[in-house]
Amino acid sequence: MKVLLLKDAKEERGQDPYVRELGLRGLEATLIPVLSFEFLSLPTFWEKLSRPEGYGGLIFTSPRAVEAVELSLEQDGKSEVWRKSLRETWSAKPVYVVGNATASLVKKLGLEAEGESSGNAEKLAECICSRIPMESIIVYRKIPHPGIQVNLDSYYSKQGIPASIAFFSPSGLTYSLEHIRELSGSSIEQIKFAAIGPTTARALAAQGLPVSCTAESPTPQALAAGIRTALQPHSS
């Protein structure tokens, strides 16, 4: 059975981990990216990173937020400043993340992450807010991927109606749902819709779509297991 994953490809040992996990369960997965990202306020972000004494820790809400650090370090020899002093100072403070993908990128910066097993942002936020006051900075924004419609058209024309479609964010749902409804027609009722977490599941429900599967944690293993269960024939 075919599964459509509306996400960017993340290679791990040569293959996206979600594609690999679904394949291990006998499912043929295809990735179609639905989001692009525009980075914002990087000079301001660097000013804050340069003053670790003013903060009790860091919270990275997604892999893209970690990428904003990497982009900031690429300019004007800032990576040397990071290696010589800032990294050590920040490493003495807690660094929070949701999900293993963000945690692995944080480790590449030379920092240790907490909270990757919290499961979702709501649970992590409860823990963090009980410990420290918060200051936030927006370092990127989500915009529609320019190839959404063409890629979905191509998928449907070549592979037909997927057995399941997995969404990875409310934004991804917003940018792709109109095309999916148009291409699926009345067959949309046959599709098992899956969500990476409760926030995305609520967005699906708000659009009137039945949620057949919400991953127990934001990991390839949990999502693949949930989709496999949702696609199992019901015993009479």
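These are my notebook entries on the salt bridges of this predicted model.

**Ground rules.** I number residues from 1 along each chain as its sequence is written, and my side-chain values use heavy atoms, with hydrogens and water left out. Since the model is predicted, local features need pLDDT of at least 70 and side-chain atom pairs count only at pLDDT 80 or more, while totals for chains, interfaces and linings use all residues.

**Entry 1, the count.** I looked up the salt bridges (a side-chain nitrogen of Lys or Arg within 4 Å of a carboxyl oxygen of Asp or Glu). The structure holds 8 of them.

**Entry 2, Lys-7 and Asp-16.** I found these two side chains joined by a salt bridge, 2.8 Å from N to O. I then checked burial (buried is under 20% relative accessible area, exposed over 50%, partly exposed in between, with a 1.4 Å probe and protein chains only). Both Lys-7 and Asp-16 turned out to be buried.

**Entry 3, Glu-21 and Arg-25.** Here the closest N and O atoms of the salt bridge are 2.9 Å apart. I noted Glu-21 as buried at 10% relative accessibility, and Arg-25 as partly exposed at 27%.

**Entry 4, Arg-64 and Glu-67.** I read 3.5 Å between the closest N and O atoms of this salt bridge. The two residues sit 3 apart in helix α3 (residues 63-73), so about one helical turn separates them. I count helices as DSSP runs (H or I, at least four residues), numbered from the N terminus. Arg-64 is buried at 12%, whereas Glu-67 is partly exposed at 21%.

**Entry 5, a network.** I followed Arg-64 and Glu-67 further and met Asp-8, which is linked with them in a network of salt bridges.
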